Amino acid sequence: MAQKHKTYKISCGKCNEYLLTYHKFGAGKGILRLYLAHIVSPPLFANLHTADYSSIKEVPNLKCTNCQEVLGTPTLSKSQRWVFRMRQGYFHRKLVK
Ligand SMILES: [Zn+2]
């Protein structure tokens, strides 16, 4: 059975460009980190965890495709999963109903 999740659209806090759609699992309101495996679109970002990277260190920063602002930096979570650590205040999130 599928886990429950909420769907968020993440956009640039500087220029408002839509960047990606994210499935957030678990409790908690804030988005401190984005699990790469839970980015569902667009393919540019959704395929990062299955693309040609053998290590999180090779993954580029999460940048706005329009103004190039850096919104998140790649790192490992405590459970060793690939995540973007999000820069608070640099992005908008909108709950999709
Ligand atoms: Zn931007």
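Is Thr 73 buried, exposed or partly exposed? Thr 73 is partly exposed, because 15 other C-beta atoms lie within 10 Å. The scale behind that word runs as follows: a residue is buried with 20 or more other C-beta atoms within 10 Å of its own, exposed with 12 or fewer, and partly exposed in between, with C-beta atoms placed from the backbone.

This is a predicted model, in which local features need pLDDT of at least 70, side-chain atom pairs count only at pLDDT 80 or more, and totals for chains, interfaces and linings use all residues. Residues are numbered from 1 along each chain as its sequence is written.

## The chain as a whole

The protein chain holds 1 helix and 8 strands. Helices (H or I, at least four residues) and strands (E, at least two) are DSSP runs, numbered from the N terminus. Along the sequence the pattern reads β-β-β-β-α-β-β-β-β.

The radius of gyration is 13 Å, which agrees with the value near 13 Å for a compact globule of 97 residues. That radius is taken over C-alpha atoms, and the globule rule is 2.2 Å times the number of residues to the power 0.38. Along the principal axes, the C-alpha atoms fill a box of roughly 35 × 30 × 25 Å.

Buried residues make up 19% of the 97 residues. Of the contacts with a separation of 6 or more, 43% join residues 24 or more positions apart. A contact here means two C-beta atoms, placed from the backbone, within 7 Å.

## The open sheet

An open sheet is formed by 4 strands in the order 4-2-1-8, with antiparallel pairing. Two strands pair if DSSP finds at least two bridges between them. Strand 4 (39-41) and strand 8 (91-96) stand at the edges with a single partner strand each, so one side of each is left without a neighbour in the sheet. Neighbouring strands of this sheet are turned by 35° against each other on average, direction ignored. For such angles, axes are lines fitted to C-alpha atoms, for helices over the stretch in contact, and angles run from 0 to 180 degrees between N-to-C directions.

Strand 1 (residues 5-12) is joined to strand 8 by 6 bridges. In this pairing, Ile 10 stands opposite Arg 93.

## Strands 3, 6 and 7

Now back to Thr 73. Its place is in strand 6 (residues 70-76). Strand 6 runs antiparallel to strand 7, and 5 bridges join them. The two form a hairpin with 5 residues between them, and Gln 80 in the turn has a positive phi of about 70°. Gly 72 has Met 86 in strand 7 as its bridge partner.

Thr 73 and Val 83 are 10 residues apart in sequence, and their C-alpha atoms are 8.2 Å apart in space. Beyond its neighbours within four places in sequence, Thr 73 is in contact with Asn 61, Phe 84 and Arg 85.

Strand 7 (residues 82-86) also pairs with strand 3 (residues 33-35), in the antiparallel sense, over 3 bridges. Here Tyr 35 has Val 83 as its bridge partner.

## The nonpolar core

A nonpolar core is a set of buried Ala, Val, Leu, Ile, Met, Phe, Trp, Tyr and Cys residues joined through C-beta atoms within 7 Å. The largest one has 16 residues, and those with the most contacts inside it are Leu 20, Leu 34, Leu 36 and Ile 39. Strand 1, strand 2 (18-25) and strand 7 each supply at least two residues of this core. Strand 2 gives the largest share, 3 residues.

What does Leu 36 contact, leaving aside its neighbours within four places in sequence? Its partners are Leu 48, His 49, Trp 82, Val 83 and Phe 84.

## Backbone details

A cis peptide bond joins Ser 41 and Pro 42, with omega at about -5°. Pro 42 lies in the loop between strand 4 and helix 1 (43-46).

Asn 16 and Gln 68 are set out below.

| Residue | Phi | Loop | C-beta neighbours inside 10 Å |
|---|---|---|---|
| Asn 16 | positive, about 70° | between strand 1 and strand 2 | 11, exposed |
| Gln 68 | positive, near 70° | between strand 5 (62-63) and strand 6 | 11, exposed |

Asn 16 is not a glycine, and Gln 68 is a residue other than glycine too.
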